[in-house]
Amino acid sequence: MIEPIGNQYIVARPVYSANAFGEEHKKKQRHHKTFLDHLKVCCSCSTQKAKRIALSLFPIASWLPAYRIKEWLLSDIVSGISTGLVAVLQGLAFALLVTIPPSYGLYAAFFPVIIYFFLGTSKHISVGPFPVLSMMVGAVVVRLTPGTAALELSNSSMSNDSSADEYKVMVAATVTILSGIIQLLMGVLQIGFVVIYLSESLISGFTTAAAVHVLVSQLKFMLQLNVPAHTDPFSIFKVLNSIFTQIEKTNIADLVTSLIILLIVFVVKEINQRYKAKLPVPIPIELIMTVIATGVSYGFDFKNRFEVAVVGEMKRGFQSPSAPDMQIFQETIGDSFGIAIVGFVVAFSVASVYSLKYDYPIDGNQELIALGLSNIFSGSFKGFAASTALSRSGVQESTGGKTQIAGLLSAIIVLIVIVSIGFLLEPLQKSVLAALALGNLKGMLMQFTEIRRLWQKDKYDCLIWIMTFIFAIVLGLGLGLAASVAFQLLTIVFRTQFPKCSTLANVGRSNVYKNKKDYSDMYEPEGVKIFRCPSPIYFANIHFFKQKLIDAVGFNPLRILRKRNKALKKIRKLQKKGLLQVTPKGIICTNDGFKDSDEELDNNQIEGLDQPINTTDLPFEIDWNADLPLNTMVPKISLHSLILDFSAVSFLDISSMRGLKTLLQEFIRINVDVYIVGSDDDFIEKLVQCEFFDDEVKDSIFFLTIHDAVLHILMKKDYSASKFNSSQEKQPKFDFTINTNGGLRNRECRVPVETKF
């Protein structure tokens with residue numbers, strides 16, 4: 001019963017142990033589904049289930065019939081045209097990151113959009129090339145391609161049609177197909193949850209490091225230098241060394257052009273960001289600068305006059321589909337898995353933002369299927385891995401895109417460039433594409449500011465960000481991602497392996513218990529210690545838990561047990577010799593000249609000292625806190641009850657269970673009662689299954705709350721209410737009444753609790 005009185009409430013209920021609560025409140029019999037039950041559900045078939053599966057596999061069947069033509073079509077047309085123009089330029093620019101001819105970037109900007117239109121669940125993301133993924137694919141291409149340094153800087157069409165370029169395209173396409181297969185399998189097997197192991201801090205640090213890699217990789221195009229490719233650890237430093245050793249060979253025309261383009265793009269993007277509420281659509285600065293740069297390069301014949309590197313021949317139409325290389329499959333399985341995970345994480349993160357903003361659901365497993373098939377089709381037609389670029393998705397959303405109709409129209413714009421007007425971009429300098437690629441990195445590079453925010457909020461997350469950035473910079477993107485995930489999981493283990501255990505005490509003479517170091521008005525019942533562990537207990541932290549508990553109580557129970565058993569052996573010897581006399585003041589030895597040898601004990605004797613203390617054969621009781629005869633030294637302890645708050649302990653493994661039971665036995669054997677509070681029924685059932693309880697450690701040690709355990713101790717030790725109350729009259733009184741009729745289950749306490757709302 002709860003009686004509210006103003007901002008206080010009075011609770012009247014029995015003092016519950018777990019057993020007493022179970023007797024009074026019977027649990028429902030619940031049927032827990034087994035693997036066979038789930039399998040039956042999966043294998044069952046019905047009309048509704050078939051319809052639901054069809055709609056989940058083809059989301060277009062859900063939203064297209066409800067499409068509002070009059071309200072949405074115009075917005076989707078404007079958005080599709082704007083996004084398509086950006087997709088063309090980003091496809092060309094990001095192809096340089098893959099180290100393949102720019103024209104192949106258009107395939108990566110076309111095929112994924114078509115597949116995602118039918119299978120995707122997000123209405124706003126623009127699927128296609130993403131700089132981080134392009135960089136990861138490019139690292140694999142460079143690693144597997146025979147040494148042909150900087151062929152991408154060549155101007156002749158012969159180099160674009162060379163066997164080296166064809167092999168690079170084959171490697172990029174094969175890696176894309178394999179990553180698509182991995183994504184598809186993950187979606188079909190419903191294991192999209194693996195992305196939860198990539199935290200926001202890890203993704204932020206990784207994408208920032210990838211942006212730095214992109215920045216360094218584009219320097220050779222801005223300066224037009226022949227830089228050898230490196231993919232091993234420390235490759236970024238080797239590339240920088242090659243650039244600075246050749247800096248005098250810089251093509252001034254490419255450098256000046258790229259710097260001007262980069263400056264203008266940054267300024268206009270800042271204007272778009274600052275005045276986005278006033279601008280009807282963002283200024284398409286990439287398109288404007290591309291048109292101007294192409295016209296200037298063609299009009300002034302930059303290729304021949306200044307020997308700049310240009311896009312070169314743009315083949316019309318599509319390449320014929322090709323089968324992937326099985327040998328490349330075997331060599332790139334690890335890289336493809338990383339590409340698949342990163343591509344999905346980025347796309348799903350952006351899609352989640354828009355789904356929350358516009359209040360519609362997205363399905364992570366269906367997104368995996370959509371992205372997987374997109375990459376399989378793209379790779380089959382010699383494209384490269386796709387996800388979503390933040391800037392391109394931002395254009396699609398900010399220009400009024402309502403559905404993936406805008407994405408379909410953007411693909412049509414790319415299609416027009418592929419089959420008709422691509423040749424107009426042949427005079428475009430590669431340094432301009434590099435500058436456009438760098439212009440899209442501002443958002444990722446600005447993530448450096450996350451370090452300060454994370455440091456103020458959570459130092460572990462800040463450490464994950466920094467170490468992820470370092471790993472990705474030093475080891476490269478592939479190994480760096482693997483090392484970052486391992487380090488992140490290690491921090492989780494570290495947090496649980498060294499939890500912040502604390503000693504609790506009563507606050508304000510109520511039923512509230514807090515860390516005794518945090519408050520001044522604390523009450524700790526005499527002889528009672530309350531210890532809280534805020535993490536699971538398992539094999540890696542059981543020893544740390546033991547040590548923290550020993551530090552909290554102030555003594556090692558095993559040492560006390562051995563000391564007492566050793567003293568008991570001495571007392572038995574004295575008693576057998578008739579040298580002990582029981583007096584009102586205690587036990588005294590009648591012969592002070594008696595000496596006992598302190599010989600070295602063997603292992604069997606030491607194990608005997610660990611057994612329970614048995615004094616039934618003695619005609620008297622031993623007070624271990626009193627002075628013992630012959631100055632027998634046994635540490636005195638005032639603790640008689642220990643409460644373990646396991647409300648935050650979600651599980652125990654077998655190793656920790658064995659260690660915990662041994663620890664509890666040690667306390668019980670030195671007459672310290674142990675109680676565990678906050679554990680749920682599943683926790684206790686697991687202990688029963690593992691035969692945790694015996695004649696010493698009983699299941700009656702479990703209580704619902706700390707306050708239940710404290711009141712039980714007070715009643716068991718026959719404390720009076722006046723003993724429990726503080727002598728400070730000004731403080732709120734801790735008042736309780738005990739009704740002992742009918743045993744522990746019916747004992748009641750009435751506790752006024754001051755609660756502020």
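Biologist: Let me get the terms straight before I ask anything: Ala, Val, Leu, Ile, Met, Phe, Trp, Tyr, Cys and Pro count as nonpolar, Asp, Glu, Lys and Arg as charged, and the others, Gly among them, as polar. With that in hand, how many nonpolar, polar and charged residues does the lining of the second largest cavity have?

Modeller: Keep in mind that this is a predicted model. The residues lining the second largest cavity are Leu198, Leu202, Ile203, Phe206, Thr207, Val342, Val345, Val346 and Leu481. Thr is not on the nonpolar or the charged list, so it counts as polar. The tally for that lining is eight nonpolar, one polar and no charged residues.

Biologist: And how much space lies in the second largest cavity?

Modeller: The structure holds three cavities of 30 Å³ or more. For the second largest cavity, the space comes to about 60 Å³.

Biologist: Which element gives the most to the lining of the second largest cavity?

Modeller: Two elements give two or more residues to this lining: α16 (333–358) and α10 (200–223). With four residues, the one giving the most is α10.

Biologist: Let's turn to the rings. What kind of aromatic pair do Trp465 and Phe469 form?

Modeller: A search of the whole structure turns up 30 aromatic pairs. In this one, the centres are 5.7 Å apart and the planes differ by 15 degrees. Planes under 30 degrees apart fall in one class, so the pair counts as stacked.

Biologist: Where do Trp465 and Phe469 sit along their helix, and how far apart are they in turns?

Modeller: Both belong to helix α23 (residues 459–475). Because they are four residues apart there, their separation is about one helical turn.

Biologist: Is Phe469 buried or exposed?

Modeller: Its partner Trp465 is buried, with a relative accessible area of 1%. For Phe469 the relative accessibility is 17%. The cut-off is under 20%, so Phe469 counts as buried.

Biologist: What type of aromatic pair do Phe692 and Phe693 form?

Modeller: Phe692 is buried, at 2% relative accessible area. Centre to centre, Phe692 and Phe693 are 5.4 Å apart, and there are 90 degrees between the planes. Angles over 60 degrees have their own class, so this pair is edge-to-face.

Biologist: Which residue lies over the face of Trp455?

Modeller: There's a case of this at Tyr360, where Lys123 lies over the ring face at 5.0 Å from the centre. At Trp455 the distance from the ring centre is 4.8 Å, and the residue is Lys459.

Notes. Residues are numbered from 1 along each chain as its sequence is written. This is a predicted model: local features need pLDDT of at least 70, side-chain atom pairs count only at pLDDT 80 or more; totals for chains, interfaces and linings use all residues. Side-chain values use heavy atoms; hydrogens and water are left out. On a 1 Å grid over the protein atoms alone, a cavity is a set of points where a 1.4 Å probe fits but cannot get out, and a pocket is an open set with protein on both sides within 12 Å along at least five of seven lines; lining residues have an atom within 4 Å of a point. Grid points are joined across faces, edges and corners, and a volume is the space filled by probe spheres set on the points. Rings of Phe, Tyr and Trp (its six-membered ring) pair if their centres lie within 6.5 Å; planes under 30 degrees apart count as stacked, over 60 as edge-to-face and the rest as tilted. Buried means under 20% relative accessible area, exposed over 50%, partly exposed in between (1.4 Å probe, protein chains only). A charge sits over a ring if NZ of Lys or CZ of Arg is within 6 Å of the ring centre and within 35 degrees of the ring normal.
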